[in-house]
Amino acid sequence: QFACALSIRPETLLAVLSELLDSLVKAGFSRILVLNGHGGNIEMMNQAIKLAALEQPIIAACCSYWELISPATGTPGHAGRFETDLMSTAHPELVHPAGTGPSEPPLFDRAVMPGLRIERHGEWQRTGGVTDPPGDGDSNRGESVIAESVAALQRCIDAIQATALPSGPVTDHSNATEGETQ
């Protein structure tokens with residue numbers, strides 16, 4: 001997509017996540033939270049926890065840390081302001097204020113209309129992997145995002161722990177004949 005971007009196919013990610021969830025269940029875990037840090041993982045992560053909970057007597061959950069915080073904090077793009085602010089807190093020595101972003105944000109990051117997402121071939125290459133101007137980095141804003149994310153993640157963990165585990169045997173619908181309700 002752009003220089004040094006290493007990727008795997010969505011079905012590979014789904015298989016890896018599914019196998020990791022299966023391994024956790026086999027190890028005795030019955031409540032599992034997958035914490036995401038990359039926008040490209042969301043769909044397969046959602047699918048993996050859905051499949052795990054359909055197949056196993058567990059609670060499986062997932063979240064992306066940036067979706068847990070207030071919109072006023074900003075929206076993470078890719079190598080833009082939000083991430084630069086986080087890096088200004090975590091590793092300020094790696095932040096170089098000379099960074100620039102695309103003159104026009106990528107189509108997939110624009111709100112053309114509510115609920116509509118548009119993907120267009122070539123957008124990642126056009127932006128060089130940067131979705132918005134990174135700015136100089138604001139460590140105060142980065143620290144605020146980290147603190148808010150940690151507090152929200154704790155609330156997620158509390159909610160999962162408060163959720164009752166499934167009771168009784170799990171019904172296996174894999175042998176259902178066509179037309180049966182599953």
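User: In this predicted model, are Tyr 65 and Trp 66 buried or exposed?

Analyst: The model is a prediction, and the state of each residue follows from its computed relative accessible area, with under 20% counting as buried. For Tyr 65 and for Trp 66 the state is the one named here: buried.

User: What is the geometry of the pair formed by the rings of Tyr 65 and Trp 66?

Analyst: The whole structure holds 3 aromatic pairs. In the pair of Tyr 65 and Trp 66, the ring centres are 5.2 Å apart and the planes stand at 90°. Planes over 60 degrees apart fall in one class, and therefore the pair is edge-to-face.

User: Which residue forms one aromatic cluster with Tyr 65 and Trp 66?

Analyst: The residue in question belongs to helix H3 (residues 81–90), where it is among the buried residues. The third member of the aromatic cluster, beside Tyr 65 and Trp 66, is Phe 82.

User: Against which helix do the buried residues of H3 pack?

Analyst: In H3, the buried residues are Phe 82, Thr 84, Asp 85, Leu 86 and Ser 88. The helix against which these buried residues pack is H5 (139–162).

User: Is Ser 149 buried or exposed, and at what relative accessibility?

Analyst: Ser 149 is located in helix H5. Beyond its neighbours within four places in sequence, Ser 149 is in contact with Tyr 65 and Ile 69. The cut-off for a buried residue is under 20%, so Ser 149 counts as buried, its relative accessibility being 9%.

User: How many Å apart in space are Ser 88 and Ser 139, C-alpha to C-alpha?

Analyst: Ser 88 is part of helix H3 and counts as buried because its relative accessibility is 10%. Its contacts outside the neighbours within four places in sequence are Val 95, Asp 136, Gly 137, Asp 138 and Ser 139. Ser 88 and Ser 139 are 51 residues apart in sequence, and their C-alpha atoms are separated by 4.7 Å.

User: Which two residues touch the most other members of the largest nonpolar core?

Analyst: This core has 14 residues, and helix H1 (10–26), strand S1 and helix H2 each contribute at least two of them. One of the two residues is in contact with Ile 32, Val 34, Ala 48, Ile 49 and Ala 52, leaving aside neighbours within four places in sequence. The two that touch the most other members are Leu 21 and Ile 58.

User: How many residues make up the other core, which has Ile 42 and Trp 66 among its members?

Analyst: This core lies apart from the largest one, and Ile 69 and Leu 86 are also among its members. Of these, Leu 86 is one of the buried residues of H3. The number of residues in this other core is 7.

User: What is the handedness of the β-α-β crossover from S1 to S2?

Analyst: Strands S1 (residues 31–36) and S2 run parallel and are joined by 6 bridges, with Asn 36 having Ser 64 in S2 as its bridge partner. Strand S2 (residues 59–64) has 5 of its 6 residues buried. Between the two strands the chain passes through helix H2 (residues 42–55), and the crossover is right-handed.

User: Which state of exposure does Ala 15 have?

Analyst: Ala 15 belongs to helix H1. Its C-alpha atom is 9.1 Å from that of Met 44, which is 29 residues away along the chain. Residues between 20% and 50% relative accessible area form the intermediate class; Ala 15 has 34% and is therefore partly exposed.

Key:
Residues numbered from 1 in each chain as written. Predicted model: local features only at pLDDT ≥ 70, side-chain atom pairs only at ≥ 80, totals over all residues. Heavy atoms only, no water. Buried < 20%, exposed > 50% of the residue type's maximum accessible area, 1.4 Å probe, protein only. Helix = DSSP H or I, 4+ residues; strand = E, 2+ residues; numbered from the N terminus. Pairing = 2+ DSSP bridges. Right-handed = clockwise from strand over helix to strand, strands pointing away. Core = buried A, V, L, I, M, F, W, Y, C linked by side-chain atoms within 4.5 Å. Contact = heavy atoms within 4.5 Å. Phe/Tyr/Trp six-rings, centres within 6.5 Å; stacked < 30°, edge-to-face > 60°.
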